[in-house]
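Reader: Hi! I have a new model open on my screen and would love a quick tour. Could you walk me through it?

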Amino acid sequence: MKFQQYKKEEYLNLPDKPGIYKFLNDRSKIIYIGKARDLKKRVSSYFTKKQLESRKTYRLVSEIRKIEFVIVFSEFDALLLENNLIKEFQPKYNILLKDDKSFPSICITDERFPRIYSTRRIDKSRGEYFGPFTSVKAMNGVLDLIRKLHKIRTCKLNLSKQNIRSGKFRVCLEYHIGNCLGPCEGLQEENDYSEDIESAKQILKGDIAIVKRTFKEKMQKASVDLNFELAQIFKDRFEFLEKFQTKSLIVNQKITNTDVFTMTGGEENSLFVNYMKIENGAIINSETVEVTKRMNESNKEVFRFVIFDLRKKYQSTNTEILTNEQVEEWEDIIISQPKIGDKKKLIDLSLKNSIFYKKEKISKEEVKTPNQTVLEILKKDLRLKNLPIHIECFDNSNIHGTNPVASMVCFKNGKPSKSDYRKFNIKTVTGPDDFSSMREVVARRYGYLKKEQLPYPNLIIIDGGKGQLSIALDALKELGLYGLIPIVGIAKKLEEIYYPEDNLPLLINKRSVSLKLIQRIRDEAHRFAITFHRNKRSKSLFSSSLDTIKGIGPKTKNTLLKEFGSIKRLKNSSEKELTDLIGKSKANHLIKAIKKGDL
């Protein structure tokens, strides 16, 4: 089974749409299946630091090598598709839905004076099924609604004409309390009962506009009559109908053993085709492929070939094919292009997947070209000898000289290379001296690269004007690297670019993509430095506040810092939390200090 697939590190490229996702290990075996209202947000959450603190999540993520997904129309559809796939593949990290338990449906029996009841077993010989329902409460509410609107029998009696005529049955309590009109004794005509059943079917199909209008009118009338209890009852029913959802494209009992194919055009000679295999009303396979025309074949010819190939690949014997394009008829196979109804919605869903796959394919190809173009423009604008594939940018951060730090961010091929980012604690400078701090970090960075014989960047960017740039140049001169690495400074106010030993700045067009790249790199260096400084300052304030408290040593301070991170969170913690974390004696010292205002 093959769905639209991404490598593990490409999870941020997933769509922000509802769907299901599957995690595969290095043997391409499914280890987890999940649903999402937003695929990108949900899958990304697995890779956050907080999530990885969970041992189970960490183990799961460590095994992921590929991610597959299918886009659906709603979270409801995603839930049902997840249910089907977990039961089929039973991944080891899915702890739920491994049994034969299914979502419940509502059945209208195929008998004289049909019954309406809920069931988890689908037996089409018994009658017509509606659902499934993801909420038992919602389903029971719908059943209750139907029974209050219409007098539907709940007994299992065989109400044949002969049995009723012979007077075999007697009305029960349901008749006496007004929930049934007594068809068992012939007190209700079959035609009247059938009309109620048809009305119930309309509600279950979602055609509830007339029913809603009736409820609204009755609610308003009861309100005018000051019968507020009755008005509330109709109001509840009206709101219940608005929330009511019965149908799903993912599990539709009326659509069985069907193949769905949709085609969308690509660039030049390429086409994108999505395939969905439907069995027993559920999607069990989905794949999107790109096809490149080699000769002058028509789109119809290519489409027909892909349909044949994918059906063979998935061993499909389905006798119905739904498509969005006209295809030549095959013997014993019905090919149709639905224009309305649930089958048309399946076409729309398939097309949604093929269009997304096409957009992703095109965008991935475009990513390479624009970045290369931007770097070439930057090379031209800055008059560089080589393409600036590797760029490093420095920034300082301090408040009134406290906790001075610096940062270096790295961009490769026009993109952030976060594994190459570096943080610097200022070691040789006292007080708010940005110039000396810049000299120190530049000297440390390139002194290290020189010592370890590591490659130098193609461009250094200094966040600052002529002053900051000249200090960085001094550091490079002391290392004997001046002239070997191109370096520029960017002044914040006018976004002017300064060259070494050049009094006049270079003014790049404000709309230039090269200036935008420089600004982006500079802003990232600033963000990284500010974040580092804020964290260091918080730790410093936290530690210094705890230094005055009796019984709190360095080890306990580190424990409290790791757990709470700030004085505010520490103060808001409970006595039990503190006791569990550092013991009763130390917790008492802390609580006393908090009450006295020493913390």
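**A covered strand and its partners**

Author: Happy to! Strand β5 is covered on both faces, with Ser105, Cys107 and Thr109 buried on one side and Ile106 and Ile108 buried on the other. Please keep in mind that this is a predicted model.

Reader: How many of the residues of β5 are buried?

Author: Five of the five, so β5 is largely enclosed by the rest of the structure. The split into two sides follows a general pattern: in a regular strand, side chains alternate between the two faces of the sheet.

Reader: Which way do β5 and β6 run?

Author: They run antiparallel and are joined by four bridges. Isoleucine 108 stands opposite isoleucine 116 in β6. On top of that, β5 is joined to strand β7, residues 127–130, by four bridges, and that pair is antiparallel too. There, isoleucine 108 has glutamate 128 of β7 as its bridge partner.

Reader: Nice. What sits in the loop between β5 and β6?

Author: Phenylalanine 113 is found there. The hairpin has six residues between the strands, and phenylalanine 113 takes a positive phi near 55 degrees in it.

Reader: Why would I care about the sign of phi?

Author: Most residues other than glycine have a negative phi. Phenylalanine 113 is not a glycine, yet its phi is positive.

Reader: Is phenylalanine 113 buried or exposed?

Author: Buried: its relative accessible area is 3%, and the cut-off for buried is under 20%. Arginine 383 makes a good contrast. Its phi is also positive, about 55 degrees, although arginine 383 is not a glycine. But at 58% relative accessibility, arginine 383 counts as exposed. You can find arginine 383 in the loop between α12 (341–381) and β13 (390–399).

Reader: While we're around α12, what can you tell me about lysine 380?

Author: Lysine 380 is in helix α12 and is exposed, with a relative accessible area of 68%. Its C-alpha atom is 9.3 Å from that of serine 514, although the two residues are 134 apart along the chain.

Reader: Switching topic: where is serine 316, and what does it touch?

Author: Serine 316 is in the loop between α11 (299–313) and β11 (320–323). Not counting residues up to four places away in sequence, serine 316 touches Asp259, Tyr275, Lys277 and Arg311. Its side chain also reaches the backbone nitrogen of asparagine 318 at 3.4 Å. At 9% relative accessibility, serine 316 counts as buried.

Reader: And glutamate 325, what is that one in contact with?

Author: Leaving aside neighbours within four places in sequence, glutamate 325 is in contact with Met263, Phe303 and Gln337. Glutamate 325 lies in the loop between β11 and β12 (334–336) and counts as partly exposed, at 34% relative accessibility.

Reader: Let's do a helix. How does the span of α14 check out?

Author: Helix α14 covers residues 466–479, and at 1.5 Å a residue its 14 residues should span 20 Å; the end C-alpha atoms are 20 Å apart, which agrees. Several of its residues are buried, including Leu469, Ile471, Leu473 and Leu476. After α14 comes glycine 480, with a positive phi near 75 degrees.

Reader: Which strand does β4 pair with?

Author: Strand β2, residues 19–24, pairs with β4 in the antiparallel sense over six bridges. Isoleucine 71 in β4 is the bridge partner of glycine 19. Five of the six residues of β4 are buried, so β4 is largely enclosed by the rest of the structure.

Reader: Zooming out, how many helices and strands are there?

Author: The protein has 19 helices and 19 strands. Of its 599 residues, 46% are buried.

Reader: Great. What pLDDT does the protein average?

Author: The average is 80, and 81% of the residues score at least 70. Among the elements, strand β17 (residues 459–463) has the highest mean pLDDT, 93, and strand β1 (residues 4–7) the lowest, 55. Over residues 96–100, pLDDT stays under 50. Where pLDDT is low, the predicted coordinates should not be read in detail.

Reader: Got it, thanks for the tour!

How values were computed:
Residues are numbered from 1 along each chain as its sequence is written. Side-chain values use heavy atoms; hydrogens and water are left out. Helices (H or I, at least four residues) and strands (E, at least two) are DSSP runs, numbered from the N terminus. The expected span of a helix is 1.5 Å times one less than its number of residues. Buried means under 20% relative accessible area, exposed over 50%, partly exposed in between (1.4 Å probe, protein chains only). Two strands pair if DSSP finds at least two bridges between them. pLDDT is the predictor's confidence in each residue, from 0 to 100. Contact means heavy atoms within 4.5 Å. A polar contact is a pair of N or O atoms within 3.5 Å; within protein, one must be able to donate a hydrogen and the other to accept it, and residues adjacent in sequence count only if both atoms are side-chain atoms.
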